[in-house]
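User: I am new to this structure and would like a close look at a single part of it. Please take me through that part step by step.

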Amino acid sequence: MTGKKGRSMRTRLIHQCLEMLILFVCTGIVLLWNSPACSQEQPQEVLQNTTGPEQGSIPEEIPTGIIINYDEDLAPLSYKTNGEVKGILVEVLDTVLATRLGLQVEHRTYPRRRVPFLVKTGKSDAFCMSPDSRAKGYALIAGNPVVVNSPALFTGVNNARGEEVGSISRINDLRSFSQVDYLGSAWARKTFPKDILDDINWVGSLDTALKMLAINRYDVYIGDEIVGRYTLMQIGLADDIFVRPVSIGKRQVYQFGLRNTYPDAVRIVADVERALKEADQDGTIRMIVEKYINPAVKVE
(Lines give C-alpha, C1' and ligand atoms only; values in the text may rest on other atoms or scores of the structure.)
Protein backbone atom coordinates (compact mmCIF):
# COMPACT_ATOMS: atom_id res chain seq x y z
CA MET A 1 0.00 0.00 0.00
CA THR A 2 2.84 2.25 0.87
CA GLY A 3 4.32 1.82 -2.59
CA LYS A 4 0.99 2.51 -4.26
CA LYS A 5 0.40 5.66 -2.18
CA GLY A 6 3.87 6.94 -3.06
CA ARG A 7 3.30 6.46 -6.77
CA SER A 8 -0.11 8.18 -6.53
CA MET A 9 1.42 11.25 -4.80
CA ARG A 10 4.15 11.52 -7.43
CA THR A 11 1.53 11.32 -10.20
CA ARG A 12 -0.51 14.16 -8.62
CA LEU A 13 2.59 16.30 -8.28
CA ILE A 14 3.47 15.75 -11.92
CA HIS A 15 -0.09 16.70 -12.99
CA GLN A 16 0.01 19.83 -10.86
CA CYS A 17 3.35 20.88 -12.38
CA LEU A 18 2.04 20.31 -15.89
CA GLU A 19 -1.08 22.36 -15.15
CA MET A 20 1.05 25.24 -13.81
CA LEU A 21 3.33 25.06 -16.83
CA ILE A 22 0.37 25.11 -19.26
CA LEU A 23 -1.17 28.08 -17.39
CA PHE A 24 2.15 29.97 -17.50
CA VAL A 25 2.58 29.37 -21.23
CA CYS A 26 -1.02 30.40 -22.03
CA THR A 27 -0.69 33.57 -19.96
CA GLY A 28 2.51 34.49 -21.80
CA ILE A 29 0.85 33.95 -25.20
CA VAL A 30 -2.09 36.21 -24.26
CA LEU A 31 0.20 39.00 -23.03
CA LEU A 32 2.35 38.79 -26.14
CA TRP A 33 -0.69 38.86 -28.42
CA ASN A 34 -2.04 42.05 -26.81
CA SER A 35 1.28 43.91 -26.89
CA PRO A 36 1.79 46.95 -29.28
CA ALA A 37 4.35 44.98 -31.23
CA CYS A 38 1.71 42.43 -32.35
CA SER A 39 -1.45 44.51 -32.21
CA GLN A 40 -3.00 45.58 -35.53
CA GLU A 41 -4.33 48.71 -33.84
CA GLN A 42 -1.01 50.42 -33.24
CA PRO A 43 -0.86 53.79 -31.42
CA GLN A 44 -0.97 56.85 -33.69
CA GLU A 45 2.57 57.79 -32.72
CA VAL A 46 3.87 54.44 -33.91
CA LEU A 47 2.03 54.73 -37.19
CA GLN A 48 3.44 58.21 -37.79
CA ASN A 49 6.96 57.09 -37.06
CA THR A 50 6.75 54.21 -39.48
CA THR A 51 5.23 56.23 -42.32
CA GLY A 52 7.81 56.45 -45.07
CA PRO A 53 8.00 58.52 -48.27
CA GLU A 54 6.29 55.77 -50.20
CA GLN A 55 3.27 56.03 -47.88
CA GLY A 56 3.06 59.82 -48.09
CA SER A 57 4.32 62.43 -45.64
CA ILE A 58 2.59 64.97 -43.49
CA PRO A 59 2.18 68.18 -45.56
CA GLU A 60 3.93 71.39 -44.52
CA GLU A 61 1.72 73.73 -42.53
CA ILE A 62 0.33 76.47 -44.76
CA PRO A 63 1.62 79.92 -43.64
CA THR A 64 -0.92 82.41 -42.33
CA GLY A 65 0.61 85.33 -44.23
CA ILE A 66 3.34 86.55 -46.56
CA ILE A 67 6.45 88.28 -45.21
CA ILE A 68 7.73 90.83 -47.75
CA ASN A 69 11.26 92.28 -47.62
CA TYR A 70 12.29 95.77 -48.79
CA ASP A 71 15.41 97.90 -48.95
CA GLU A 72 15.60 99.86 -45.70
CA ASP A 73 17.24 102.92 -47.27
CA LEU A 74 15.26 103.67 -50.44
CA ALA A 75 12.93 106.53 -49.53
CA PRO A 76 10.33 107.18 -50.75
CA LEU A 77 10.03 103.67 -52.24
CA SER A 78 10.71 101.82 -48.98
CA TYR A 79 12.03 102.93 -45.60
CA LYS A 80 11.33 102.68 -41.88
CA THR A 81 10.29 105.55 -39.65
CA ASN A 82 9.32 105.31 -35.97
CA GLY A 83 9.45 101.53 -36.25
CA GLU A 84 6.95 101.43 -39.12
CA VAL A 85 7.75 100.26 -42.65
CA LYS A 86 6.50 102.82 -45.16
CA GLY A 87 6.88 103.88 -48.76
CA ILE A 88 5.40 103.64 -52.23
CA LEU A 89 6.20 99.95 -52.70
CA VAL A 90 4.67 99.12 -49.33
CA GLU A 91 1.45 100.99 -50.05
CA VAL A 92 1.05 99.48 -53.50
CA LEU A 93 1.50 95.91 -52.24
CA ASP A 94 -0.80 96.57 -49.28
CA THR A 95 -3.45 97.66 -51.77
CA VAL A 96 -2.85 94.71 -54.09
CA LEU A 97 -2.26 91.83 -51.68
CA ALA A 98 -4.25 92.82 -48.62
CA THR A 99 -7.12 94.94 -49.96
CA ARG A 100 -7.71 93.39 -53.38
CA LEU A 101 -6.62 89.78 -52.81
CA GLY A 102 -7.45 89.43 -49.10
CA LEU A 103 -4.00 88.10 -48.15
CA GLN A 104 -2.27 88.74 -44.83
CA VAL A 105 1.05 90.53 -45.30
CA GLU A 106 3.89 91.63 -43.07
CA HIS A 107 6.41 94.23 -44.26
CA ARG A 108 10.06 94.19 -43.18
CA THR A 109 13.13 96.23 -44.17
CA TYR A 110 16.75 95.11 -44.36
CA PRO A 111 20.03 96.26 -45.91
CA ARG A 112 19.77 95.90 -49.69
CA ARG A 113 21.87 92.75 -50.00
CA ARG A 114 19.95 90.87 -47.32
CA VAL A 115 16.59 91.35 -49.02
CA PRO A 116 17.02 88.62 -51.67
CA PHE A 117 19.26 86.44 -49.45
CA LEU A 118 16.53 85.92 -46.85
CA VAL A 119 14.06 84.86 -49.54
CA LYS A 120 16.59 82.56 -51.23
CA THR A 121 17.31 80.77 -47.95
CA GLY A 122 13.62 80.42 -47.07
CA LYS A 123 13.82 82.69 -44.01
CA SER A 124 11.37 85.12 -45.60
CA ASP A 125 8.67 84.75 -48.23
CA ALA A 126 8.87 87.56 -50.74
CA PHE A 127 10.70 90.69 -51.87
CA CYS A 128 9.87 93.90 -53.67
CA MET A 129 12.99 95.17 -55.41
CA SER A 130 14.67 95.50 -58.76
CA PRO A 131 15.80 91.85 -59.03
CA ASP A 132 18.80 90.52 -60.90
CA SER A 133 18.72 87.46 -63.16
CA ARG A 134 19.68 85.12 -60.30
CA ALA A 135 16.39 85.78 -58.52
CA LYS A 136 14.52 83.58 -61.01
CA GLY A 137 16.36 80.58 -59.62
CA TYR A 138 14.54 80.73 -56.28
CA ALA A 139 11.54 83.03 -56.77
CA LEU A 140 8.52 83.46 -59.01
CA ILE A 141 8.43 87.08 -60.16
CA ALA A 142 5.26 88.91 -61.13
CA GLY A 143 5.45 90.14 -64.72
CA ASN A 144 3.58 93.36 -64.05
CA PRO A 145 5.81 95.79 -62.10
CA VAL A 146 4.92 97.34 -58.77
CA VAL A 147 6.56 100.65 -59.71
CA VAL A 148 8.77 101.82 -62.59
CA ASN A 149 11.26 104.54 -61.67
CA SER A 150 12.48 106.30 -64.83
CA PRO A 151 15.49 108.62 -65.23
CA ALA A 152 14.80 112.35 -65.26
CA LEU A 153 16.74 115.55 -65.89
CA PHE A 154 16.85 118.17 -63.12
CA THR A 155 17.90 121.79 -63.64
CA GLY A 156 17.32 125.14 -61.94
CA VAL A 157 14.22 126.97 -63.15
CA ASN A 158 16.30 130.12 -63.55
CA ASN A 159 19.27 128.49 -65.24
CA ALA A 160 20.71 130.85 -67.87
CA ARG A 161 21.05 127.95 -70.31
CA GLY A 162 17.54 126.67 -69.73
CA GLU A 163 16.59 126.44 -73.41
CA GLU A 164 19.76 124.55 -74.26
CA VAL A 165 19.26 122.19 -71.33
CA GLY A 166 15.77 121.53 -72.66
CA SER A 167 17.28 120.03 -75.81
CA ILE A 168 19.24 117.33 -73.98
CA SER A 169 18.08 113.88 -75.06
CA ARG A 170 21.24 111.74 -75.24
CA ILE A 171 24.32 111.10 -73.15
CA ASN A 172 26.51 112.87 -75.72
CA ASP A 173 24.48 116.06 -75.23
CA LEU A 174 25.68 116.30 -71.63
CA ARG A 175 29.28 117.06 -72.55
CA SER A 176 28.65 120.76 -73.07
CA PHE A 177 27.01 121.28 -69.64
CA SER A 178 28.25 121.25 -66.08
CA GLN A 179 26.86 118.16 -64.41
CA VAL A 180 26.50 117.44 -60.69
CA ASP A 181 25.90 114.11 -58.94
CA TYR A 182 26.29 112.57 -55.50
CA LEU A 183 28.96 110.07 -54.51
CA GLY A 184 26.53 107.27 -53.67
CA SER A 185 24.96 107.19 -57.13
CA ALA A 186 25.62 103.67 -58.42
CA TRP A 187 23.21 104.39 -61.31
CA ALA A 188 25.44 107.18 -62.65
CA ARG A 189 28.57 105.03 -62.53
CA LYS A 190 26.78 102.28 -64.47
CA THR A 191 25.31 104.70 -67.01
CA PHE A 192 27.90 107.27 -68.06
CA PRO A 193 31.18 106.66 -69.91
CA LYS A 194 34.46 107.40 -68.16
CA ASP A 195 35.07 110.81 -69.74
CA ILE A 196 31.70 112.12 -68.54
CA LEU A 197 32.18 110.59 -65.10
CA ASP A 198 35.52 112.38 -64.87
CA ASP A 199 33.81 115.72 -65.59
CA ILE A 200 30.98 115.27 -63.09
CA ASN A 201 31.12 117.48 -60.03
CA TRP A 202 30.67 114.99 -57.17
CA VAL A 203 29.07 116.14 -53.92
CA GLY A 204 28.27 114.36 -50.68
CA SER A 205 24.52 113.83 -51.03
CA LEU A 206 21.54 114.16 -53.36
CA ASP A 207 20.26 117.00 -51.18
CA THR A 208 23.45 118.96 -51.85
CA ALA A 209 23.37 118.24 -55.59
CA LEU A 210 19.83 119.61 -55.90
CA LYS A 211 20.68 122.68 -53.81
CA MET A 212 23.59 123.41 -56.16
CA LEU A 213 21.14 123.36 -59.09
CA ALA A 214 18.75 125.70 -57.30
CA ILE A 215 21.44 128.38 -57.06
CA ASN A 216 22.62 127.65 -60.64
CA ARG A 217 26.03 126.46 -59.49
CA TYR A 218 25.73 123.61 -61.98
CA ASP A 219 23.46 122.99 -64.97
CA VAL A 220 22.23 119.41 -64.80
CA TYR A 221 21.62 116.41 -62.59
CA ILE A 222 20.24 113.16 -64.06
CA GLY A 223 18.88 110.41 -61.84
CA ASP A 224 15.77 108.64 -60.53
CA GLU A 225 12.70 110.80 -61.03
CA ILE A 226 10.75 109.52 -58.02
CA VAL A 227 13.64 109.73 -55.58
CA GLY A 228 14.67 113.14 -56.93
CA ARG A 229 11.20 114.66 -56.75
CA TYR A 230 10.66 113.29 -53.24
CA THR A 231 13.96 114.79 -52.11
CA LEU A 232 12.99 118.17 -53.55
CA MET A 233 9.85 118.08 -51.42
CA GLN A 234 11.82 117.21 -48.31
CA ILE A 235 14.24 120.12 -48.72
CA GLY A 236 11.62 122.61 -49.88
CA LEU A 237 12.93 123.16 -53.41
CA ALA A 238 10.13 121.63 -55.48
CA ASP A 239 9.34 125.04 -57.01
CA ASP A 240 12.98 125.87 -57.74
CA ILE A 241 13.93 122.88 -59.89
CA PHE A 242 12.56 121.93 -63.30
CA VAL A 243 12.19 118.17 -63.86
CA ARG A 244 11.47 116.20 -67.02
CA PRO A 245 11.87 112.50 -67.95
CA VAL A 246 14.69 111.59 -70.34
CA SER A 247 15.59 108.43 -72.25
CA ILE A 248 19.08 108.19 -70.80
CA GLY A 249 20.16 105.06 -68.94
CA LYS A 250 18.02 102.22 -67.62
CA ARG A 251 14.79 102.46 -65.70
CA GLN A 252 14.56 100.86 -62.28
CA VAL A 253 11.74 98.30 -62.38
CA TYR A 254 10.57 97.17 -58.94
CA GLN A 255 8.87 93.79 -58.92
CA PHE A 256 7.18 91.43 -56.50
CA GLY A 257 8.88 88.06 -56.12
CA LEU A 258 7.63 85.09 -54.07
CA ARG A 259 9.89 82.15 -53.15
CA ASN A 260 9.01 79.20 -55.34
CA THR A 261 8.68 76.90 -52.29
CA TYR A 262 5.84 78.95 -50.83
CA PRO A 263 2.55 76.96 -50.84
CA ASP A 264 0.47 77.63 -53.95
CA ALA A 265 3.08 80.12 -55.18
CA VAL A 266 2.13 79.88 -58.86
CA ARG A 267 -1.49 80.82 -58.24
CA ILE A 268 -0.62 83.63 -55.82
CA VAL A 269 1.85 85.25 -58.22
CA ALA A 270 -0.67 85.00 -61.06
CA ASP A 271 -3.25 86.75 -58.85
CA VAL A 272 -0.72 89.45 -57.94
CA GLU A 273 0.07 90.04 -61.63
CA ARG A 274 -3.60 90.49 -62.40
CA ALA A 275 -4.20 92.81 -59.43
CA LEU A 276 -1.13 94.92 -60.27
CA LYS A 277 -2.34 95.33 -63.84
CA GLU A 278 -5.74 96.46 -62.61
CA ALA A 279 -4.19 98.89 -60.10
CA ASP A 280 -2.08 100.38 -62.88
CA GLN A 281 -4.99 100.72 -65.30
CA ASP A 282 -7.37 102.32 -62.80
CA GLY A 283 -4.73 104.83 -61.67
CA THR A 284 -4.27 103.52 -58.12
CA ILE A 285 -0.50 103.12 -58.40
CA ARG A 286 -0.07 106.58 -59.87
CA MET A 287 -2.12 108.14 -57.08
CA ILE A 288 0.08 106.47 -54.47
CA VAL A 289 3.25 107.72 -56.20
CA GLU A 290 1.87 111.26 -56.42
CA LYS A 291 1.46 111.39 -52.65
CA TYR A 292 5.23 111.24 -52.32
CA ILE A 293 6.40 113.45 -55.18
CA ASN A 294 3.69 116.07 -55.63
CA PRO A 295 3.77 119.01 -53.20
CA ALA A 296 0.02 119.44 -53.59
CA VAL A 297 -0.65 115.98 -52.10
CA LYS A 298 -0.01 115.41 -48.40
CA VAL A 299 1.84 112.25 -47.40
CA GLU A 300 0.24 110.57 -44.38
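At what angle do helix H3 and helix H11 pack, and how far apart are their axes?

Analyst: This is a predicted model, and in it helix H3, which covers residues 88-100, packs against helix H11, residues 284-293, at an angle of about 145°, while the axes of the two helices lie 9 Å apart. The crossing that H3 and H11 form is right-handed. On the H3 side the contact is made by Ile88, Glu91, Val92, Thr95 and Arg100, and these residues meet Thr284, Ile285, Ile288, Val289, Lys291 and Tyr292 of H11. Sorted by character, the residues of this contact comprise 6 that are nonpolar, 2 that are polar and 3 that are charged.

Turning to H11 itself, 7 of its 10 residues are buried, so the helix is largely enclosed by the rest of the structure. The buried residues of H11 are Thr284, Ile285, Ile288, Val289, Lys291, Tyr292 and Ile293. Their cover includes H3, together with strand S3 (78-81), strand S8 (147-149), helix H9 and helix H10, the last of these spanning residues 265-281.

H9, which is part of that cover, also borders a loop that holds Asp239, since this residue is placed between helix H9 (225-234) and strand S13 (241-245). Asp239 has a relative accessibility of 70% and therefore counts as exposed, the cut-off for exposed being over 50%. Although 56 residues separate Asp239 from Pro295 along the chain, the C-alpha atoms of the two are 9.1 Å apart.

Methods
Residues numbered from 1 in each chain as written. Predicted model: local features only at pLDDT ≥ 70, side-chain atom pairs only at ≥ 80, totals over all residues. Heavy atoms only, no water. Axes fitted to C-alpha atoms, helices over the stretch in contact; angles between N-to-C directions. Helix = DSSP H or I, 4+ residues; strand = E, 2+ residues; numbered from the N terminus. Left-handed = near helix turned anticlockwise from the far one by under 90°. Contact = heavy atoms within 4.5 Å. Nonpolar A, V, L, I, M, F, W, Y, C, P; charged D, E, K, R; others polar. Buried < 20%, exposed > 50% of the residue type's maximum accessible area, 1.4 Å probe, protein only.
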